[in-house]
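Me: I should like to learn how the terms used for a protein structure are justified. Please set each value against its definition.

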Amino acid sequence: VSDRVRMERTFQASAQEVFDAWTSVEVLKRWWHAEHEWETPHAEVDLRLGGAIRLIMRNPEDGAEYGGRGEFVTIEAPRRLVFTWGWDYEDESKRQLIEVELIEHGDSTTVVLTHSGLPATETDEYVDGWQKSLDNLEAALGS
Amino acid sequence: MANDAFKALAHPIRRDIVQRLADGSATVGEATRNLGVSKPTLSRHLKVLEEAGVVVRMIDGRTHRLSLDMEPLEEAETWLARQRAHWARVLDVVEEYLQEQREGRP
C-alpha cells in the first residue's frame with residue numbers, strides 16, 4: 001500500500017512561469033484549493049531553505065477553513081521545488097513531502113508532482129484534490 | 001436521482017457517515033470523527049452526500065447539523081428491488097425451460 005501520489009500535468013507556460021505560480025503568493029491564492037469553487041484567502045511564502053510556505057483553503061459554502069504549512073527543503077528555480085507539508089490541526093509527526101519537478105519542452109512545461117507521507121487510505125482523495133487544484137492552476141496560467 | 005444515491009454510497013468513508021446518521025442527526029464533528037482522513041477530504045465527501053440529497057445540513061448559528069434524507073436512498077432501493085424482480089422473472093423462465101427439457105415436452 002502506497003503512501004504517495006504522483007501525477008503529471010503539462011501547462012502551456014514556461015518553467016519559470018509555472019515555478020512562479022508555485023511560489024508567488026498572489027498566484028497561489030488563485031489556484032491552490034482542492035475544489036474548483038473553493039478559495040484561498042491567505043498564502044505566505046518565504047522562499048529560502050527552511051523558509052515557510054503556508055496557505056488557508058476556504059469552502060465558501062460553509063465558511064470552513066483548512067490551513068496547512070510546510071518548510072522549503074529544495075529550491076532550484078525553475079526546475080525543482082520540494083517542501084514539507086501538513087495540516088494545521090495535525091502534529092509534526094504527520095509531516096508530508098511535496099516534490100514539484102518542472103520539465104520545459106518548447107513552449108510548454110510538464111509538472112511532475114509527488115506528494116508522499118499520506119495516509120494510504122486517502123491517496124485517491126489527494127489525487128482528486130490535486131487534479132482540481134491543477135485545473136485551477138491551468139486556468140490561472142491561461143489568463 | 002437513484003444514480004446520485006449510488007454515487008453517494010460508492011465510497012467507504014461516505015457509507016460510514018451515512019451509517020452514523022442512520023441513528024439520527026449529528027453535528028459535522030460527530031458525523032466525521034475518527035474516520036482517518038483529513039478535514040478537507042471529509043468536507044469534500046460531505047459535499048458529494050449533500051449534492052446527492054442523501055445528507056441535509058441544518059445551520060443553527062455556528063453549529064452545522066447533518067441528517068439523512070431517506071428519499072434518494074429509497075429511490076435507490078426501489079431500483080434495486082426492480083432489478084431483483086426482473087432477474088427473478090428471468091430465472092423463473094429459465095427454470096421452466098429446463099423443467100420442460102427434463103420432462104421431454106415440446
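Me: What makes A:Trp38 and A:Lys132 count as residues that A:His33 touches?

Reply: Contact means that heavy atoms lie within 4.5 Å. Leaving aside residues up to four places away in sequence, A:His33 touches A:Trp38, A:Glu39, A:Thr40, A:Met57, A:Lys132, A:Ser133 and A:Asn136. This is a predicted model, in which local features need pLDDT of at least 70, side-chain atom pairs count only at pLDDT 80 or more, and totals for chains, interfaces and linings use all residues. Residues are numbered from 1 along each chain as its sequence is written, chains are lettered from A and ligands numbered from 1 in the order in which they are written, and side-chain values use heavy atoms, with hydrogens and water left out.

Me: Why is A:His33 called buried?

Reply: Buried means under 20% relative accessible area, exposed means over 50%, and partly exposed lies in between (1.4 Å probe, protein chains only). A:His33 has 4% relative accessibility and therefore counts as buried. The residue lies in the loop between α2 (25-31) and β2 (39-45) of chain A. Helices (H or I, at least four residues) and strands (E, at least two) are DSSP runs, numbered from the N terminus.

Me: How do you know that A:Asp135 and A:Arg9 form a salt bridge?

Reply: A salt bridge is a side-chain nitrogen of Lys or Arg within 4 Å of a carboxyl oxygen of Asp or Glu. The N to O distance for A:Asp135 and A:Arg9 is 2.8 Å, and the pair therefore meets the definition. The two residues belong to distant parts of the chain: A:Asp135 is in helix α3 of chain A and A:Arg9 is in strand β1 (residues 5-11), 126 residues apart.

Me: What makes A:Arg9 and A:Glu138 a salt bridge as well?

Reply: Their closest N and O atoms are 2.7 Å apart, and the pair therefore satisfies the cut-off. A:Arg9 lies in strand β1 of chain A and A:Glu138 in helix α3 of chain A, so this pair ties together parts that are 129 residues apart in sequence.

Me: Which of the words buried, partly exposed and exposed applies to A:Arg9, and which to A:Glu138?

Reply: A:Arg9 has a relative accessible area of 15% and is therefore buried. A:Glu138, at 41%, is partly exposed. A:Asp135, with 31%, is also partly exposed.

Me: Why is B:Glu51 said to form a salt bridge with B:Lys47?

Reply: The closest N and O atoms of B:Glu51 and B:Lys47 are 3.8 Å apart, and the pair therefore falls within the limit. Both residues are in helix α4 (residues 39-51) of chain B, and being four residues apart they are separated by about one helical turn. At 53% relative accessibility B:Glu51 counts as exposed, whereas B:Lys47 counts as buried at 14%. Salt bridges that share partners join A:Glu35, A:Glu37, A:Asp128, A:Lys132, B:Arg44, B:Lys47 and B:Glu51 into one network. The structure holds 20 salt bridges over all chains.

Me: How do you know that A:Glu122 has no salt bridge?

Reply: Lys and Arg count as positive and Asp and Glu as negative, while His and the chain ends are not counted. The nearest side chain of opposite charge to A:Glu122 is B:Arg44, 6.6 Å away. That distance is not within the cut-off, and A:Glu122 therefore has no salt bridge although it is buried. A:Glu122 lies in the loop between β7 (108-116) and α3 (123-142) of chain A. Not counting residues up to four places away in sequence, A:Glu122 touches B:Gly36, B:Val37, B:Ser38 and B:Thr41.

Me: What is notable about phi of B:Asn34, and about the peptide bond from A:Ala77 to A:Pro78?

Reply: Most residues other than glycine have a negative phi, and most peptide bonds are trans. Phi of B:Asn34 is near 55°, a positive value in a residue other than glycine. B:Asn34 lies in the loop between α3 (28-32) and α4 of chain B, and at 71% relative accessibility it counts as exposed. The peptide bond from A:Ala77 to A:Pro78 is cis, with omega near -5°. A:Pro78 is found in the loop between β4 (65-76) and β5 (80-87) of chain A.
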